[in-house]
Amino acid sequence: MKYMVMECHKAYAILMDEASQVVYAANLHYEVGQTVENPVLLQEPETAAPRISVTMKRCIAVAACAVLMLGGGALYYRGNYTPYSSVMVCADEANLCMEVSRSGKVLSVQPLNQDAALLLSDYTCSGKDPVTVTSELIERAVENGVVQKGDTVGVYYQKEKNKDPEQFEKTVEQSIASHELQADVHGELDQAPVPPAAPAEPPVAPAPPDGKEEPPAPPQPGKEEPAPPAPHDPKVEPPAPAEPPVKPETPAQDPAPVTPPEPGTETPPEPPLPPEAPAEEKPAPADTVPVPPAEAPVKLPDHPVQMPPV
Amino acid sequence: MKLDVHRLLAEINEAKKDPRACDRLIEQYMPFIRSETSKFLKRDPSPEDDELSIAMFAFYEAIRSYSPLKGAFLKYAALQIRSRLIDNYRKERRHQGQVSLDAPIGSEEDGLTLMDTVQDESRPFEEFGVREATRQEIAHLTAQMEEFGVKLTDVADNAPQQQRTLAACQKAVCYARNNKDVLDEFLRTKRVPLTRLAEGAGVEKKTLERHRRYLVAVLLVCTNGYEIMRGHIMQVLKGGEAS
């Protein structure tokens, strides 16, 4: 690229290149009008990034520290205090399940039946590894007579979540063998025997068809409830129900005949019939309160009505 | 002492705006520049040394890029000078295996150099004539630019740096060169017809606005009377992209 010297100053010269670019260059004894090659061009200072204030730097540092501490704390909590795998120990009649963290520490031991719950009374497992907990619990089981010498103790664990399954199996077997028991260690939790389920609650019996009225339905919006009778008019009866009470559904049985009344006794009065709705009565307007027709009060029987046997 | 620092800062700020003030400041600090150059060369620099020119240019760069956040100016300038001289030394070291034309041949008493034995194919008289004509063109251009209120230093400061921007400006110049009425309007009104150029060349008007002073210089070169300079910037006139 050739440059034409356009202007000369003491320390620099202004050159124009063949692409019409005008640049500053070192004045290496140039003269105006001269054509030069390979000049020492000006290095434009790089545009500095916007400066960050001290307060902002402090905030960023505090935020970075907080993120690091929270992240580290979360990782530590995840590794030590969240259950990662499970180990199930089945010692004859005492089944229990251990929750193990990623760091290989037992977080909790859950009894799966009553014997295991007795074994775990006053026992703390925090900070111990599964082998130690297994050994201690088997020792307790032997002392309590839950297992006898020569019995088989099953240990079921998740092989894929164990760092060194072979070492784990070997250690557990040695630990169990030290109590003169036989070890049966499995690397799959699915093979563990399922503990007996709790007895299911009996189904709720249906309400006996005692002829009681069903609870009143909630008032429906848009329908006006009949006004209660005025307290000063004893003749006014409450309005008759629109429908007879629903008969409870019972198995299909033929209703037994009503026992005839014995001779010599008074003829019981007929059961009160539901008052018939007035046939020709026009429906009352919506804004008026229906008032039942005035009738003589129904006389209830003195003795209870004999119901047909079911 | 504090007054001196404030005065120097004021001079630097003025030198950033005014080329003559910049020249004055450089002249004022020539002993400092010589001192820094001699530290590098391990001898006193002569006025013909390129190193002294480069040191002066580095001092000029330091004036342009200095800000009080960078510390004391003289320390900053000394660092700039040393860095520039080291860069130049590394660049020149590539040619170390070559023989200088000024190397003496024969006995020193003869005073003959290698240059005297090489046939000179250049035509110094023709070159001198061309250079003189170019100088006159440049002087004429500078005077005409003054009418537009533009100096060559303004053009250098306002020239596009990115290739994309340069290409956009070149498009506008090509459009003006192919449409004589645009150039006539430019000379008559002494204003760059930015809207016409932007619409005709299909470039952003804002881009042209940012480089108005540069466009003044190049559009003036495109008018009659600047044959040598027009020949020099042939890439623009042919409408080619900048390499």
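Here is a short walk through the structure above, from chain A to the nonpolar cores. This is a predicted model, where local features need pLDDT of at least 70, side-chain atom pairs count only at pLDDT 80 or more, and totals for chains, interfaces and linings use all residues. Residues are numbered from 1 along each chain as its sequence is written, while chains are lettered from A and ligands numbered from 1 in the order in which they are written.

Let's start with chain A. Its secondary structure comes to 4 helices and 9 strands (DSSP runs numbered from the N terminus: H or I of at least four residues for helices, E of at least two for strands). Read from the N terminus, the order is β-β-β-β-α-β-β-β-α-α-β-α-β. Of the 310 residues in chain A, 18% are buried, which takes 20 or more other C-beta atoms within 10 Å of a residue's own, with C-beta atoms placed from the backbone.

How sure is the predictor? Mean pLDDT (its confidence in each residue, from 0 to 100) is 72 for chain A, with 59% of the residues at 70 or more. Over residues 197–201 of chain A it stays under 50, and the model has 0 contacts there beyond four places in sequence; a contact means C-beta atoms, placed from the backbone, within 7 Å.

Now for the cores: sets of buried Ala, Val, Leu, Ile, Met, Phe, Trp, Tyr and Cys residues joined through C-beta atoms within 7 Å. The largest has 67 residues, and B:Phe59 and B:Leu219 touch the most other members. Helix α4 (residues 50–65) of chain B gives the most to this core, with 10 residues. Beyond its neighbours within four places in sequence, B:Phe59 contacts residues including A:Ala11, B:Ile26 and B:Ile81.

Notes:
A residue is buried if 20 or more other C-beta atoms lie within 10 Å of its own, exposed if 12 or fewer, and partly exposed in between; C-beta atoms are placed from the backbone. Two residues are in contact if their C-beta atoms, placed from the backbone, lie within 7 Å. pLDDT is the predictor's confidence in each residue, from 0 to 100.
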